[in-house]
Amino acid sequence: MSVPTLESTAVEAGPTPGVRTRRGVRSPAFVAGVVVVGAILALALVSLIWTPYGLDQASPGARLSGPSALHWAGTDRLGRDQFTQLMLGAWTAVWVGFSSVVVASVIGVPLGLVAAAAGRMVDDAIAGLIDIVIAFPTLLLAMLLVTVYGASTGVAVTAIGIGLSAEVARLTRISASRVFTQDFVLAARTCGTRPVMILVRHVLPNIWHTLVVQATLAFGIAVVAEASLSYLGLGTPPPAPSWGRMLQEAQATVSVAPWNVVLPGLAVAATVIGVNLLGDGLRELLDPQLRERSRQGADR
Amino acid sequence: MLGYLLRRVTWLLGSLVVAGSAIFFLLRVLPGDPAVTLLAVGASPDQLDAIRHQLGTDRPLLEQFTGWFGGLLSGQLGESLFTRLPVLDQIVGRLPVTLPLALSAFVLSLLVAVPIGILAAVRRRGVAGIVVSALAQLGIALPVFWVGIILVWLVAVDWRLLPPGGFPRDAWLEPTLAARSLVLPVITLTVAQTSVLVRYVRSATLDVLNQEYIRTARSLGYSLTQALWRHGLRNGAAPVVNVLGVLLASSLLGTVVIESVFALPGLGTLLLTSVKARDLPVVQGTVFLMTATVLVVGLVVDVVQRLIDPRLRGGAG
């Protein structure tokens, strides 16, 4: 079961008149992506050294209060500051997203490269493996691992990373084998260049921009996956805050304190959309062929 | 076609064996002893031995492994550590909740996404196209359970139109109650699935629209709708059918989260509680059945695709 990939997640990928994505002139979507992702990153980093309140610091007089000057995002059932939790949750999301993408790349990229470089037998075996991993959903893998090791951030990262690695391997394999059929690879081979050097010097430079874009998309998927796992109680365990668990805790009091549900949900959505916009911008920025075409103003 | 089917079924059986072994060995690297988990700390060694014997964990790993596969072949998945009920019976007992939920969300999202996706492609520069694309993007970015919680808040708690969660004890013996309690879960799951599907339908239609046969048909006097209906549908269907398998699988898996939001006693809830209680046989059996379903759906999709697209059938394929 092979899944066709979508070329773009942008609302409209074609260059619109007036907005040329030349070097130096960035599309507004890309700028929006940078701003949103930058803001989330800043929140996450600042949370390491400063938060408005302590994580467990409860204000008993202000349970389930709405957003105010004292509590920018209101308080939860126990009177804990929600903005503090949102900030620390941003750190969890960024950390889990980043680690999952690293795990996925460390497994997926070499696997894809080997499949593309090796002979038919190895290629078929790896392609089959990728198909099985794609068919085996991240959620089920996470559940198996949690049964064995209990819920932890490490388990979430492992499960999400392995789940994402299949797609990374698939993409690496396809793009790398496309490069392998090129004449300059044949020329390099004729010159006696070792296979490893061909990979490093000729293949990687031609596919890395695809992989970077895929990594940004994978980051968004990982953030949603982390929130879902934490919501189910399979992800980051208490006391470390997570947007998913904030939602789970706020669900019971949604009619009294809807902002406690709305804000973490928006945080997840903003992160994912921001990262996707960033990925689309990077695609146009990094891909030499796309850049060339948009410079000529040709429609994609 | 027959040869292809044979190869594909062999591949499926191989995948099932691989998946079954992977699940078994993943669960057997358990650092703690299930017997200790079950009896709590402080049980006497005799009691522990008795439980280990009852669970079968005192037997060699290879014997347990062949036992698990033998059980699979004869349809036996073992019994729960806690309720002592056969795993298969428990799973079957949960299907009246999970199957209607997953299947109706799947069908609904198909009915909604295909027309909307085609519209978004045909009017891609218009308001409709841009709105649909933006909504689809939003639908993917928002977690499913968030959509569910908001729906419960608005429809069930505020307006009191539908039950916020739960399922009648008599299940489908009370058809109205049962159906009513599935409305919100189905809508939530449909929203999530539609967001994914719309983008595939849209990009498949865009591909078709740029084809020369559509231009030829137009130049012969067909309207765009006629041209799409006669030539576009079948050509555009292939990539979309490919996604349907993934979509059906994710509908099934999506029930895990959805059932948790709406407190439905379905397969997902069974799995989640068993994971938290470390009820190995139930987790093992349920995960295997879900994986098997995903693999079988994949096979069906591949076969259907060949029926739709004659180009795939010819030659060595």
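Hi everyone, one definition before we start: the expected span of a helix is 1.5 Å times one less than its number of residues. Keep that in mind, and remember too that what we have here is a predicted model.

Let's use it on helix α1 of chain B, residues 2-28. This helix has 27 residues, and from its first C-alpha to its last it reaches 39 Å, close to the 39 Å expected. Now, which residues in α1(B) are buried? They are B:Ser15, B:Ala19, B:Ile23 and B:Leu27. As a reminder, an α-helix has 3.6 residues a turn, so residues three or four places apart point the same way.

Stepping back to the whole of chain B, there are 13 helices and zero strands. The C-alpha atoms of chain B fill a box of roughly 85 × 60 × 35 Å along the principal axes. Of its 317 residues, 39% are buried. If you take contacts between residues at least 6 apart in sequence, 69% of those in chain B join residues at least 24 apart.

The domain assignment splits out domain 1, at 32-76, and domain 2, at 89-313, in chain B. Their centres, taken over C-alpha atoms, are 39 Å apart.

Last stop, the interface. Here 36 residues of chain A are in contact with 52 residues of chain B. On the chain A side, the elements giving two or more residues are α3, α4, α7 and α9. Which one gives the most? That is α4(A), with seven residues. As for the make-up of this side of chain A, 27 residues are nonpolar, eight are polar and one is charged.

Thanks, and I'm happy to chat.

Terms used
Residues are numbered from 1 along each chain as its sequence is written. Chains are lettered from A and ligands numbered from 1 in the order in which they are written. This is a predicted model: local features need pLDDT of at least 70, side-chain atom pairs count only at pLDDT 80 or more; totals for chains, interfaces and linings use all residues. Domain bounds come from an automatic or database domain assignment. Two residues are in contact if their C-beta atoms, placed from the backbone, lie within 7 Å. Helices (H or I, at least four residues) and strands (E, at least two) are DSSP runs, numbered from the N terminus. Ala, Val, Leu, Ile, Met, Phe, Trp, Tyr, Cys and Pro count as nonpolar, Asp, Glu, Lys and Arg as charged, and the others, Gly among them, as polar. A residue is buried if 20 or more other C-beta atoms lie within 10 Å of its own, exposed if 12 or fewer, and partly exposed in between; C-beta atoms are placed from the backbone.
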